[in-house]
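This briefing goes through selected features of one protein chain, grouped by topic. Please keep the structure open while reading.

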Amino acid sequence: MAKGKKQFAVIGLGRFGSSVAQYLAKMGYEVLAVDENEERVQDMANVVTHAVSADSTDEEALKALGIRNLDVVVVAIGQDIQASILTTLILKDLGVPRIIVKAQTELHGKVLSKIGADKVVFPERDMGLRVAHHLISPNIIEHIELSPDYSIVELQVPSNMAGKTLRELDFRVKYGCNVMAIKHGGEKMDVTPRADKPLLRTDVLVIVGNNGQLTQLEQDYASL
């Protein structure tokens with residue numbers, strides 16, 4: 001793999017891993033894709049920079065791939081928690097600069113953090129969270145969890161909110177939430193929204209706040 005450009009490896013080419021590898025490749029990054037399953041490797045061969053069949057729990061195999069020289073390694077191993085943990089340990093020992101690992105459960109995630117994963121992700125849980133929030137309120141376009149206590153939501157302005165101003169709605173007092181920005185028509189982003197400007201039905205509010213308060217806001221505007 002050529003030097004001078006950020007380089008990634010994705011270990012585990014299930015739905016999550018292959019999706020990450022494909023998007024990184026589309027964005028112009030160099031990607032090494034690794035999986036024990038030869039068929040999955042072949043499917044990615046023409047998508048990423050290099051695809052190889054290897055056992056990620058074999059330290060010598062990872063050394064042979066030169067994986068320690070890459071900038072970021074994403075461990076996206078599916079159901080085999082033991083393999084996920086062992087692979088992360090090996091990558092840490094090899095000195096990989098940044099290791100991002102997919103976790104199956106909260107306990108799995110805690111173990112991964114303790115053994116050196118720089119970031120632990122929960123793709124199934126996060127997708128479930130987003131779907132649940134959309135079910136609560138169809139006006140919720142996006143929900144991003146910042147921490148166990150705080151999140152950011154993108155809220156499509158409901159019909160009976162349209163025409164009102166941020167001052168009138170007073171989210172800060174009613175819900176303890178702050179409107180960080182307003183997207184106008186899905187294109188222009190206003191990061192310093194005026195408190196006295198009436199909202200349009202096509203506007204999208206970007207709101208940050210405590211999860212409980214955001215949920216209350218979502219429920220209050222769920223059917224509007």
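In this predicted model, the charged end of Lys26 sits over the ring of Tyr23, at 5.5 Å from the ring centre. The points below go on to aromatic pairs, then to the two sheets and a buried histidine.

**Aromatic pairs**

- The model has 2 aromatic pairs.
- One of them is formed by Phe8 and Tyr29, whose ring centres are 5.3 Å apart. Planes over 60 degrees apart count as edge-to-face, and the planes of Phe8 and Tyr29 stand at 80 degrees, so this pair is edge-to-face.
- Phe8 belongs to strand S1 (residues 7-11), while Tyr29 is in the loop between helix H1 (15-26) and strand S2 (30-35). With their positions 21 residues apart, the pair links distant parts of the chain.
- Buried means under 20% relative accessible area; Phe8 has 10%, so Phe8 is buried. Tyr29, at 33%, is partly exposed.
- Phe171 and Tyr175 also pair: their ring centres are 6.0 Å apart and their planes are at 55 degrees, so the pair is tilted.
- Helix H8 (residues 171-175) holds both Phe171 and Tyr175, which are 4 residues apart, about one turn of the helix. Both residues are buried.

**The parallel sheet**

- The UniProt annotation "domain: RCK N-terminal", from an unreviewed entry, covers residues 5-121. Over residues 5-121 the chain is 41% helix and 23% strand, and the C-alpha atoms at the two ends are 25 Å apart.
- Six strands form an open sheet with parallel pairing, in the order S3-S2-S1-S4-S5-S6.
- Strand S3 (50-53) and strand S6 (119-121) are the edge strands, each pairing on one side only.
- From one strand to the next, the twist averages 15 degrees.
- Strand S5 (residues 98-102) and S6 run parallel and are joined by 3 bridges. Lys102 stands opposite Val121 in S6.
- Helix H4 (residues 81-94) packs on the sheet and touches S1, S4 and S5. The direction of H4 makes about 175 degrees with that of S5.
- H1 lies across S1, S2, strand S4 (72-75), S5 and S6. H1 runs at about 165 degrees to S1.

**The antiparallel sheet**

- A second group of strands, 5 in number, forms an open sheet with antiparallel pairing, in the order S7-S8-S11-S9-S10.
- Which strands stand at the edges? They are strand S7 (140-145) and strand S10 (188-190); each has a single partner strand, so one side of each is left without a neighbour in the sheet.
- The twist in this sheet averages 20 degrees from one strand to the next.
- A hairpin of 4 residues joins S7 to S8. S7 and S8 run antiparallel and are joined by 5 bridges, and Ile144 has Ile152 in S8 as its bridge partner.
- S8 and S11 pair in the antiparallel sense over 7 bridges. Strand S9 (residues 178-184) and strand S11 (residues 204-210) also pair in the antiparallel sense, over 5 bridges.
- Ile207 in S11 has a residue opposite it in each of these two pairings: Val153 stands opposite Ile207, and Val179 also stands opposite Ile207.
- Is S8 enclosed by the rest of the structure or left open? Of its 7 residues, 5 are buried, so S8 is largely enclosed by the rest of the structure.
- Helix H9 (residues 211-220) lies across S7, strand S8 (150-156) and S11. H9 runs at about 140 degrees to S11.

**His184**

- His184 is found in strand S9.
- The relative accessible area of His184 is 19%; buried means under 20%, so His184 is buried.
- Which residues does His184 touch, not counting those up to four places away in sequence? The contacts are Asp190, Lys197 and Asp203.
- Asp203 is 19 residues from His184 along the chain, and the C-alpha atoms of His184 and Asp203 are separated by 4.8 Å.

Key
Residues numbered from 1 in each chain as written. Predicted model: local features only at pLDDT ≥ 70, side-chain atom pairs only at ≥ 80, totals over all residues. Heavy atoms only, no water. UniProt positions renumbered as here; feature names shortened; annotations may be inferred. Pairing = 2+ DSSP bridges. Axes fitted to C-alpha atoms, helices over the stretch in contact; angles between N-to-C directions. Contact = heavy atoms within 4.5 Å. Phe/Tyr/Trp six-rings, centres within 6.5 Å; stacked < 30°, edge-to-face > 60°. Buried < 20%, exposed > 50% of the residue type's maximum accessible area, 1.4 Å probe, protein only. Lys NZ or Arg CZ within 6 Å of the ring centre and 35° of its normal.
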